[in-house]
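Please open the structure in your viewer and keep the selection tool at hand. The tour below moves from one selection to the next and says what is to be found at each stop.

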Amino acid sequence: MALALEEARVAASAGDVPVGAVVARGDEILGRAGNARERDQDPTAHAEILALRQASTALGSWHLEGCTLYVTLEPCAMCSAAAVASRLACVAWGTPDPKAGFAGSLANLLDDPRLNHRVAVRGGLRAEEAAALLEKFFAKLRTDG
């Protein structure tokens, strides 16, 4: 999660919402990224999607069995669906997202028995630190106009 928080800080310094993600298999880092929606002008450039793409490239496969996605903010519906589609073993997130989170807040797409794969979920990792990054970012947006 420490690396994901680093990625979130980099995203914030580039003007993107400070969300960072890392895909790991054991101690091996396969992908890491921060949000890049503003930088890339791409609505799908969420940190999770970018990190999953890097991990798939590193492994030469979209099958990410045995891998964990660490992300500073609870994943949205798109990112939760991508986690299921990539066959991740686990998603570990920092702070909840009560307005858009689909890993426990609004629903839990990762553990939906109707889907073909279930992903273990662990929330609340370094939640205060992740939340503080988001709060600081949005406070600055409000004051800078």
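**The sheet**

Begin by selecting β3 and strand β4 (residues 90-95), which run parallel and are joined by five bridges; strands here are DSSP runs of E with at least two residues, helices are DSSP runs of H or I with at least four residues, and both are numbered from the N terminus. This is a predicted model, in which local features need pLDDT of at least 70 and side-chain atom pairs count only at pLDDT 80 or more, while totals for chains, interfaces and linings use all residues. Residues are numbered from 1 along each chain as its sequence is written, and side-chain values use heavy atoms, with hydrogens and water left out.

Within this pair, Y70 has A92 of β4 as its bridge partner, and V71 has W93 of β4. Now add β1, which pairs with β3 in the antiparallel sense over four bridges; two strands count as paired if DSSP finds at least two bridges between them. Here A24 stands opposite T68 in β3. Strand β3 is largely enclosed by the rest of the structure, because five of its six residues are buried, where buried means under 20% relative accessible area, exposed over 50%, and partly exposed in between (1.4 Å probe, protein chains only).

Widen the selection to the whole open sheet, whose five strands follow the order β2-β1-β3-β4-β5 with mixed pairing. Its edge strands are β2 and β5 (120-123), each of which pairs on one side only. Neighbouring strands of this sheet are turned by 15° against each other on average, direction ignored; axes are lines fitted to C-alpha atoms, for helices over the stretch in contact, and angles run from 0 to 180 degrees between N-to-C directions.

**Helix α3**

Next select α3, which lies across β1, β2 and β3 and runs at about 145° to β2. Its buried residues are A47, E48, I49, L50, A51, L52, A55 and S56, and they pack against β1 (20-25), β2 (28-34), β3 (68-73) and α4; contact means heavy atoms within 4.5 Å. The 13 residues of helix α3 (residues 47-59) should span 18 Å at 1.5 Å a residue, and this agrees with the 18 Å between its end C-alpha atoms; the expected span is 1.5 Å times one less than the number of residues. After α3 comes G60, whose phi is positive, near 70°.

**The cysteines**

Which residues does C79 touch, not counting residues up to four places away in sequence? Select C79 in helix α4 (residues 77-85), and then H46, E48 and I49, which are the residues that it touches. C79 is buried, with a relative accessible area of 1%, and its C-alpha is 9.8 Å from that of L110, although the two are 31 residues apart in sequence.

The sulfur of C76 is 3.8 Å from that of C79, its closest cysteine sulfur, and this is too far for a bond, since a disulfide is a pair of cysteine sulfur atoms within 2.5 Å. A search of the whole structure finds zero disulfides. C67 is likewise in no disulfide, with the nearest cysteine sulfur, that of C90, 11 Å away.

**The loop after α4**

Finish at S86, in the loop between α4 and β4, which counts as buried at 8% relative accessibility. A polar atom of the S86 side chain lies 3.1 Å from the backbone oxygen of A83. Leaving aside neighbours within four places in sequence, S86 is in contact with L52, W62, H63, L64 and E65.

Definitions and conventions. A polar contact is a pair of N or O atoms within 3.5 Å; within protein, one must be able to donate a hydrogen and the other to accept it, and residues adjacent in sequence count only if both atoms are side-chain atoms.
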